[in-house]
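Me: I'd love a close look at one part of this structure, a salt bridge and the residues that form it. Could you walk me through it and then place it in the wider chain?

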Amino acid sequence: MRTSIRTAGAVTLAAALLATACSATETKSGAGSAAPVTLGNIRLVSYSGCDDMLAGLRAATAKNVGPWGLGGPPIMYAEARSDASAAKVGGAAPPEHSTTNTHEAGVDEPDLVKTDGDRVITVNRGVLRVVDTATRKVTGTLKLVDAEQAWAPADLLVSGDRALVLFSGGGIIPYGATAKLAPSPGPRYVLVDLSGEPKVIGSLTPDGSHVDARMVGSTVRIVVRSQPRIDFPDAGPDLSDNERTRRNTEIVARAPIEAWLPKYELTSANGVTSDRTVDCERVSHPTEYTGMSMLTVHSLDLSQALAETTPISVAADGDTVYGTGSSLYVTSNPRWWWPRPIEPALVEEAPAAASGLDPAPTLLPEPTPPPTPSDTPPPSDTASPTPTATPEEPPEETEVHRFDITAAGAPRYVASGTVPGRLLNQYSLSEHEGHLRVATTSTVGQDSSSAVHVLDSGTLAQTGRVGDLGLGERIYSVRFIGPVGYVVTFKQVDPLYTLDLRDPAAPRKTGELKITGYSAYLHPAGDGRLIGVGQEASEKGRTLGTQVSLFDVSDPADPRRLSQMFQKDSGSEAEWDPHAFLYWAKTGTAVLPLNSWTGTEQTNGVALVLTIGDSAVTRTGTVVHPKPKPVNDTRFAPYDPGIRRSMVIGDSLWTVSDLGLKVSDLKDLADQAWIPFS
């Protein structure tokens, strides 16, 4: 369910928030270009009404329909500490504690465990638990899904005495529902009151798939991606692909507006459910779009009841979300492309539907001119096979949209722009002093290179650019820290590039360090130090196992690696999900999950504890959770003793697995308590 940072991850989230405030009609964009363009060329615009929306969606969707309906390549989705928690009113301040490892301070991200110092709140196998950190006892338990759905992944966002549990979907059956009630095919978001015994006080169930969510203060913005609800009947095995496509095009041409409008259900604290639909006037679109997806952002204030979510939608594809305390950026790659053969026998226009609707548009991609009736025979199931052509791959580019989130409710649209290439994840984006830095990799055939583009955050027009990073390689990690940037590219060796971004109009590469392996995640460690978590590799690029590196980047012209911890034949979740990484600067403690392969079996579950000094990475030890009792476990997702997360509360290290919470002494890792999830 995580937008992985893995590509983040994440997210589909992208164009979701785009819909909010465009009301005026904008000019159409010009021809595509690999260079960044000014925002006016791709500015989001509103439809003039439901009829305009329906015509646009039908036309865009028809261009992407094929013999088997709608389909193509999957949309790719998936650290400063947040100080969002506060002392209880009228009570003692909570113990000093870590929080979820997030991209930006004050912008919380969903994760499977949260703490405010006084409590640890977890959601595990469909059960929410509240643990008192002083007594180390479970003080509240709430079963949220039917036992058959206990495998469903879930994350949390917590504000005061309210928790929002985010189920990513896959057939969620609420606990206590009628036994054979049809499950929700998509995500479900459950609001829980934690002021006493935990209890459900509302839920939101959208018709779509979960992308991601962010929380600033008590306001959560959830992004959901939905696809057209169009039924393409099976025409049988005897029809040609040409004829299948023609019939599917006619189906799209007759589809009603309801096939695209996002839908959702709201359930109140007393169990009353109401069906809702996003209104046409709350849907916007970029100049070009596929019609194959709709992104919706729901804005929820956790301090209020879920009476209204002020949803907005955009007719766009998307992948990545990045947020600060005042801005929300969403990005999309609108030209997701696959080399689907184009059959020249396809007619230029499908016949008009009997209902009197406008003819469906041509199915041929724009780069391929449609055949003329004079030189192309009509489709025939008995005709001999005709040669197929492959459409030209359009240039890689990423659209970037900025929204102002300083006010309550739906985000306010500010600007749009484009950059060539594709992002790795949300860490490829960073706002600093009125500018947005964007790191991308561009690939043409077998050639690739990376660059960092600097955009004016008010217009998203390009201010500056530094390129030619990692020729023939791609980006594996990015980190921006104030006016400095760090980019890791990799194919056989790992160049760590340091970038001087103080002058937005003239960003420049200042240093480069080549070592074997790569860092998949970079974390600031203060005083000119940078922690890298990734994989060691041979000189030919073969990965060998987890490595944690300490870099000295105090001299931007001469980055150096001071120390390396290497664990052969191992991997860590922190490589693709930074939520799994903990760095506690006060003691220099770093913790990450570690799985190793012994040659005969995989060892799940240790938490590797390191000490990050001024010049060395040293191994403090490991934390291991008790193994589950041997049982004949035939469940879809058996219990895993592997440690997933870690937290510091006071002088103790808390670690989390499927089986429970373990409390250890932060200094020597001595066992202090075991809190099982019974």
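Reply: Happy to. Let's begin with arginine 645, which counts as buried because its relative accessibility is 2%, under the 20% cut-off. Please keep in mind that this is a predicted model.

What does the side chain of arginine 645 meet in a salt bridge? Its partner is the side chain of aspartate 111, at 2.9 Å from N to O. This pair links distant parts of the chain, with the two positions 534 residues apart in numbering: arginine 645 belongs to strand β40 (residues 645-649), while aspartate 111 sits in the loop between β3 (69-70) and β4 (113-115). Aspartate 111 also has a relative accessibility of 2%, so it too counts as buried.

The contact is part of something wider. Salt bridges that share partners join Asp111 and Arg645 with Glu573, Asp577 and Arg644 into one network. In total, the structure holds 23 salt bridges.

Two others are worth setting beside it. The side chains of arginine 119 and aspartate 116 meet at 3.0 Å, N to O, and both of these residues are buried. Arginine 229 and aspartate 207 form a salt bridge through their side chains at 3.3 Å, N to O. That pair also links distant parts of the chain, 22 residues apart: arginine 229 lies in the loop between β13 (219-226) and α2 (241-254), and aspartate 207 in the loop between β11 and β12 (209-216). Here the surroundings are partly open, as arginine 229 is partly exposed at 30% relative accessible area and aspartate 207 is partly exposed at 31%.

Aspartate 207 brings us to β11. Six of the eight residues of this strand (residues 199-206) are buried, so β11 is largely enclosed by the rest of the structure. Strand β10 (residues 188-193) pairs with β11 in the antiparallel sense over five bridges, and the two form a hairpin with five residues between them. Within that pairing, aspartate 193 has lysine 199 of β11 as its bridge partner. β11 also pairs with strand β14 (residues 263-267), again antiparallel, over four bridges; leucine 204 stands opposite leucine 266 in β14.

Finally, the wider setting. The chain has 678 residues, of which 55% count as buried, and its secondary structure comes to two helices and 43 strands. About 28200 Å² is exposed, with carbon and sulfur atoms supplying 51% of that area.

Methods. Residues are numbered from 1 along each chain as its sequence is written. This is a predicted model: local features need pLDDT of at least 70, side-chain atom pairs count only at pLDDT 80 or more; totals for chains, interfaces and linings use all residues. Side-chain values use heavy atoms; hydrogens and water are left out. Buried means under 20% relative accessible area, exposed over 50%, partly exposed in between (1.4 Å probe, protein chains only). Accessible areas come from the Shrake-Rupley method with a 1.4 Å probe; for residues, only the protein chains shown count as cover. Two strands pair if DSSP finds at least two bridges between them. A salt bridge is a side-chain nitrogen of Lys or Arg within 4 Å of a carboxyl oxygen of Asp or Glu.
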